[in-house]
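Student: Before we discuss this model, could you show it to me and then explain how each label is earned?

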Amino acid sequence: MINRLTASIGWMSGKRMYMYKQIIIARKDLNMSSGKLAAQVSHGSMAFLNWFIRNNTDLDGHVDGYIDEDILHNWIEGEFTKCVLQAKNKNQLLKAKTMAEELGMVEGKDFWLIRDNCHTELEPEEDGRTLTVIGFRPMGSELIDQIGRKYPVSYTHLTLPTNRL
């Protein structure tokens, strides 16, 4: 069983190149249903693109901005890799935030804390909301693995009935 994230190194045109990926870390202690977990992880993944669009849209709704060339070529035009990891609880999730800040990352630009509004299955923790995941922007594995390798890969036991395939 794979339980740690490892750096992926490739070669392109004779140059050593690190894989770009996005990590999203979800809380295991909330025992979210598969659907709730999928929604929260999606929010964590989309936070980067949402931030980019909000910060680069004019009053007419046109997006006019530049995505970092490495993100464009190595992630968006590449494999679009996402790794979903798990934190045991809120404190362990917040340790990822602390590690990110120690690496010089900024909340709201490099990572996002996602809070559920608790309209369905979760109970509010504070301000009527519950912290569920932390999502990171895509970045080189040599950087993001410094955080990701501390968390096991999340394996949800999703099975589809064979009659629906």
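**Reasoning from values to labels**

Tutor: This is a predicted model, and helix α3 (residues 90–102) is our starting point: its 13 residues should span 18 Å at 1.5 Å a residue, and the end C-alpha atoms are 19 Å apart, which agrees.

Student: Why is the expected span of helix α3 18 Å when it has 13 residues?

Tutor: The expected span is 1.5 Å times one less than the number of residues, so the 13 residues of α3 give 18 Å.

Student: What makes the buried residues of α3 line one face of the helix?

Tutor: The residues in question are Gln92, Leu93, Ala96, Lys97, Met99 and Ala100. Seen down the axis of α3, they fall within an arc of 165°, so they line one face. These buried residues pack against β3 (20–27), β4 (82–87), β5, β6 and α4, whereas the face turned away from the buried side carries the exposed residues Asn91, Lys95 and Glu102.

Student: What caps the N-terminal end of α3, and which residue just after α3 takes a positive phi?

Tutor: The cap is Asn89, which has a side-chain oxygen 3.1 Å from the backbone nitrogen of Asn91; just after the helix, Gly104 takes a positive phi of about 90°.

Student: How do you know on which side of α4 its buried residues lie?

Tutor: In helix α4 (residues 141–148), Ser141, Ile144, Asp145, Ile147 and Gly148 are buried. They cover an arc of only 155° around the axis, which puts them on the same side of α4.

Student: How many aromatic pairs does a search of the whole structure find, and why is the pair of Trp51 and Trp112 called tilted?

Tutor: The search finds 2 aromatic pairs. Trp51 and Trp112 are 6.3 Å apart centre to centre, with 55° between the planes; the centres lie within 6.5 Å and the angle is neither under 30 degrees nor over 60, so the pair is tilted. Trp51 belongs to helix α1 (residues 34–55) and Trp112 to strand β5 (residues 111–116), 61 residues apart, so this pair links distant parts of the chain.

Student: Why is Trp51 not called buried, as Trp112 is?

Tutor: Buried means under 20% relative accessible area, so Trp112 qualifies at 12%, while Trp51, at 26%, counts as partly exposed.

Student: What makes the pair of Phe111 and Phe136 tilted?

Tutor: Their ring centres are 5.8 Å apart and their planes lie at 40°, so this pair is tilted. Phe111 is buried at 0% relative accessibility, and Phe136 is buried with a relative accessible area of 0%.

How values were computed. Residues numbered from 1 in each chain as written. Predicted model: local features only at pLDDT ≥ 70, side-chain atom pairs only at ≥ 80, totals over all residues. Heavy atoms only, no water. Phe/Tyr/Trp six-rings, centres within 6.5 Å; stacked < 30°, edge-to-face > 60°. Helix = DSSP H or I, 4+ residues; strand = E, 2+ residues; numbered from the N terminus. Buried < 20%, exposed > 50% of the residue type's maximum accessible area, 1.4 Å probe, protein only. Arc of directions from axis to C-beta. Contact = heavy atoms within 4.5 Å. Polar contact = N/O pair within 3.5 Å; in protein donor to acceptor, adjacent residues only side chain to side chain.
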